[in-house]
Amino acid sequence: MKWMKNLKTYVPPSFVVERDDYRCIRCKACVEQCSFDATFYDEEEDRVWTWNANCVGCNRCAAICPTDAITVRRADPTYRYNHNWNGHVDGLKKRAIFGGTPVVSMGNDKPYPIYWDHMLLNASQVTNPSIDPLREPMELKTFLGRKPDSISVSDDGLKTKLAPQLELDIPIMFAAMSYGALSYNVIEALGRAAKEMGTYYNSGEGGLNKDHYKFKGNIIVQVASGRFGVHKDYLDVGSAIEIKIGQGAKPGIGGHLPGEKVSETISETRMMPKGSDALSPAPHHDVYSIEDLRQLIYALKEATEYKKPIAVKIACVHNVAAIASGIARAGADIIVLDGFKGGTGASPQVIRDNIGLPIEVSLAVVDERLRQEGIRQYVSIVASGGIRNSMDVVKAIALGADAVYIGTAALVAIGCTMCQQCHTGKCAWGIATQDPHLSKRVNPDIASKRLINLLEVWALEIKETMGAMGINSIESLRGNRLNLRGVGLNEKELEILGILPAGE
Amino acid sequence: MKIVKIREDNCIFCHLCEVACIVEHSQSKDIIKAFKREERPIARCTVEFNYPVSLSVMCRHCDDAPCIEACQNGSMHRDERGYVVVNPETCVGCWMCIMACPYGVIKRDTRREKWGLSTKCDLCPDRVIPACVEACPNEALTFEEL
């Protein structure tokens, strides 16, 4: 007996795997592909069998099945309908049975409002011409970094000395996802795609594998509270350095990479013993104030001879505008705002689902505050956390972002089905795992092609929308909130977002 | 001459190359019928596994093919495409080719009435791209010039 249901540990399954017995040819592809021990083959009975309780709904089996015999569906709630309690029964049971707080991954999955879907874009009609991006030039080039108050130009060119800038061909970058959380092949694919598309990928807090130094010129390196893998070569290889103060999925708490995921290469990259838990403290223990942050920013600037812009990443929390103002004044060149829908490799469920602010609101208030204080030009703003499509990018830029980070969207492009099991290290799609056999499931050749396709398509979509608005440069869209109208929002929300209601 | 290149770094041990091979060499070329109704042919490729390594192995169509040397009546021969194939009409099932093959990719099909039959990859003469290559979801098998 391989497994039997036991009332003592019973939580109703979230998914039911249905197998059409006529279509099933017993090829056992699904059995080999299931990394969560949900699928078995019984030789004696000649039957492929599923333990629904183990199924996480990753759909790997359904995707690989050559005869489409498998359908994975959500298990219908079996309890008597109760609006207050139905969604909480399983969570209560899990805590009571296993005596621990559930750890989850990916972003907040609760039905909070999505402001992107309450904003509509403008288009040109009669009074001004729209532009066809296939016939006319269209500019997406973006520079991130501190801009001067004014510039002076002579016949020899620009006289003003500019602060270091990041040059992006497309205002979309790959968000910080560490080697450790993601497999080697995924990092490889992100790096190749960033190089090809003239943008950047972020190393995340786990350091940088020596093999990936080849992506120099397209890497943003991160310095987080654990300082894993931070050394001179690491800082040198980055085009910019990002100080991670917080992460949208888990504001106020540090990271935790379980010891099982700390393999030989991870331990070498992170500069820590093999098999030991990689714990990032909740705060940076040398940053307890804006003044301390300034010291860290300038320490990093000194270490890199003032040649690289320094970014500071914060999770969006209640006083985000004031915090951003402090960061700008502390000397940061780029502020990264991470909304509460941002993803993670592991986070306590209560934190992920209840802490933070929406990126749309935070972006609007930060941009507005910095403008009011006359310091907007000192920093570039990067929006991240819940950017799902190219129109979110356009709306974010219209709200005041200089560029965006995509994390979850990039992973979905290479196979992720958002089953929220990153923290288990058993990712059936080979993305969030260090298992050498599972991680083969991402072929960097295929994955990088898909990422490049995604960015190319998004770039075209952004150009099309800009063309419709009669704008031929992304610079003209930046902070251009007149091109946004709110629908289904109350007066206060419209005021905070700084946009007019539809019809006005 | 194109052959199937094996990239073990990408093999995910799904066995779909074997499934595709069986379907391609079946009477109906219909996946359900091939597996459930008809006499199922033998897969010409085999997925080997020793954690974490896995790879699909099939005939390498060697230049100096030892199986052709070993065959006593010329059943194992090189066809007009340059690939090593077996003539099922004349094969007597002596299995000398199996003894000679350095890769262990020739299989025994013992279901014939009179004598057995050597079964091996024929690189799908009816197709432009072999079935296993087309079925591989991770480009672990590619059909490329040597």
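**Entry 1: A:Y179 and its partner**

I looked up A:Y179 in this predicted model and found the residue buried, with a relative accessible area of 4%. I then turned to A:Y184, which counts as partly exposed at 26% relative accessibility. I next asked how the rings of A:Y179 and A:Y184 are set against each other. Their centres lie 6.1 Å apart and their planes stand at 70°, so I entered the pair as edge-to-face; the cut-off for that class is over 60 degrees.

**Entry 2: a second tyrosine pair**

I went on to A:Y298 and A:Y306, whose ring centres are 6.4 Å apart. Their planes meet at 50°, so I recorded this pair as tilted. The angle falls between the limits of 30 degrees for stacked and 60 for edge-to-face. For exposure, I noted A:Y298 as partly exposed with a relative accessible area of 28%, and A:Y306 as partly exposed with 40%. Over all chains, I counted 5 aromatic pairs in the structure.

**Entry 3: charges over rings**

I searched chain A for arginines placed over tryptophan rings. The charged end of A:R47 sits over the ring of A:W49, at 4.6 Å from the ring centre. I also noted A:R60, whose charged end sits over the ring of A:W429, at 4.7 Å from the centre.

**Entry 4: chain A against chain B**

I examined the interface next. On the side of chain A, 22 residues are in contact, and they meet 23 residues of chain B. The size of an interface is often expressed as the accessible area lost when the parts come together. I therefore looked up the buried area, which is about 1900 Å² between chain A and chain B, with carbon and sulfur atoms giving 58% of it. Which three residues supply more than any other three of the area that chain A buries against chain B? I found A:I25, A:H437 and A:K440, which supply 33% of that area.

**Entry 5: polar features and helices at the interface**

How many salt bridges does the rule find across the interface of chain A and chain B? I recorded 0. For polar contact I noted 12 residue pairs between the two chains, with both residues at pLDDT 80 or more. I then asked which helices of chain A each supply at least two residues of the side that touches chain B. I listed helix 1 (29-33), helix 2 (60-64) and helix 13 (444-469). Helix 1 of chain A gives the most to this side, with 3 residues.

Notes. Residues are numbered from 1 along each chain as its sequence is written. Chains are lettered from A and ligands numbered from 1 in the order in which they are written. This is a predicted model: local features need pLDDT of at least 70, side-chain atom pairs count only at pLDDT 80 or more; totals for chains, interfaces and linings use all residues. Side-chain values use heavy atoms; hydrogens and water are left out. Rings of Phe, Tyr and Trp (its six-membered ring) pair if their centres lie within 6.5 Å; planes under 30 degrees apart count as stacked, over 60 as edge-to-face and the rest as tilted. Buried means under 20% relative accessible area, exposed over 50%, partly exposed in between (1.4 Å probe, protein chains only). A charge sits over a ring if NZ of Lys or CZ of Arg is within 6 Å of the ring centre and within 35 degrees of the ring normal. Contact means heavy atoms within 4.5 Å. Buried area is the accessible area (1.4 Å probe) that two parts lose on being put together, summed over both. A salt bridge is a side-chain nitrogen of Lys or Arg within 4 Å of a carboxyl oxygen of Asp or Glu. A polar contact is a pair of N or O atoms within 3.5 Å; within protein, one must be able to donate a hydrogen and the other to accept it, and residues adjacent in sequence count only if both atoms are side-chain atoms. Helices (H or I, at least four residues) and strands (E, at least two) are DSSP runs, numbered from the N terminus.
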